[in-house]
Amino acid sequence: MQSNAAAESTKDQVWAAELAFARTMAERDLKGFSGFVAEEAIFFAGTDVLRGRSRVVEGWSKYFVDSEAPFSWEPDQVEVLESGTLALSTGPVRDKQGSVVARFNSVWRLEAGGQWRVVFDKGSPPSPGPQR
């Protein structure tokens, strides 16, 4: 079990990982994107399921073709299990014009070497984030 300070530090690590993951889309960096995806990841693409890093990267490569990103995302909430090894991040997905079009939901796992990677990812319709 983590102390409150350790839990907040872990939450900050996942938040930073999510921001860096999103930055790979903005910077058009498919290789960087790949590094945040767990080898056994499952990403939902509508009703299809992409299983494994290579299929996820193959399925998402179409979003990295144009010089401008087709969408962006950022977290507005991160929660981490007391064990400090699994986390959920969620937040709005915006189109090129900045309008919220969806909400992402990603499950992160702490892997060897202290690297956080996404193991599950699924979008959902837009919904409000946490009230602060």
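Let me begin with a term: a residue is called buried when its relative accessible area is under 20%, exposed when that value is over 50%, and partly exposed in between. The model we are looking at is a predicted one, and I would like to start from a single glycine in it.

Gly35, which belongs to helix 2, the run covering residues 30-35, has a relative accessibility of 30%, and therefore counts as partly exposed. Leaving aside residues up to four places away in sequence, Gly35 touches Gln115 and Arg117. As for distance, Leu110 lies 75 residues from Gly35 along the chain, and the C-alpha atoms of the two are 13 Å apart.

That brings me to the strands. Where does Gln115 sit, and which residue is its bridge partner? Gln115 is in strand 7, and its bridge partner is Glu111. Strand 7, residues 115-124, runs antiparallel to strand 6, and nine bridges join the two. Between strand 6 and strand 7 there are three residues, so to speak the link of a hairpin, and in that turn Gly113 has a positive phi of about 80°.

On its other pairing, strand 6, residues 100-111, meets strand 5, residues 86-95, again in the antiparallel sense and over nine bridges. Within this pair, Val93 has Ala102 of strand 6 as its bridge partner. Strand 5 and strand 6 also form a hairpin, here with four residues between them, and Gly98 in the turn has a positive phi of about 95°.

Definitions and conventions. Residues are numbered from 1 along each chain as its sequence is written. This is a predicted model: local features need pLDDT of at least 70, side-chain atom pairs count only at pLDDT 80 or more; totals for chains, interfaces and linings use all residues. Side-chain values use heavy atoms; hydrogens and water are left out. Buried means under 20% relative accessible area, exposed over 50%, partly exposed in between (1.4 Å probe, protein chains only). Contact means heavy atoms within 4.5 Å. Two strands pair if DSSP finds at least two bridges between them.
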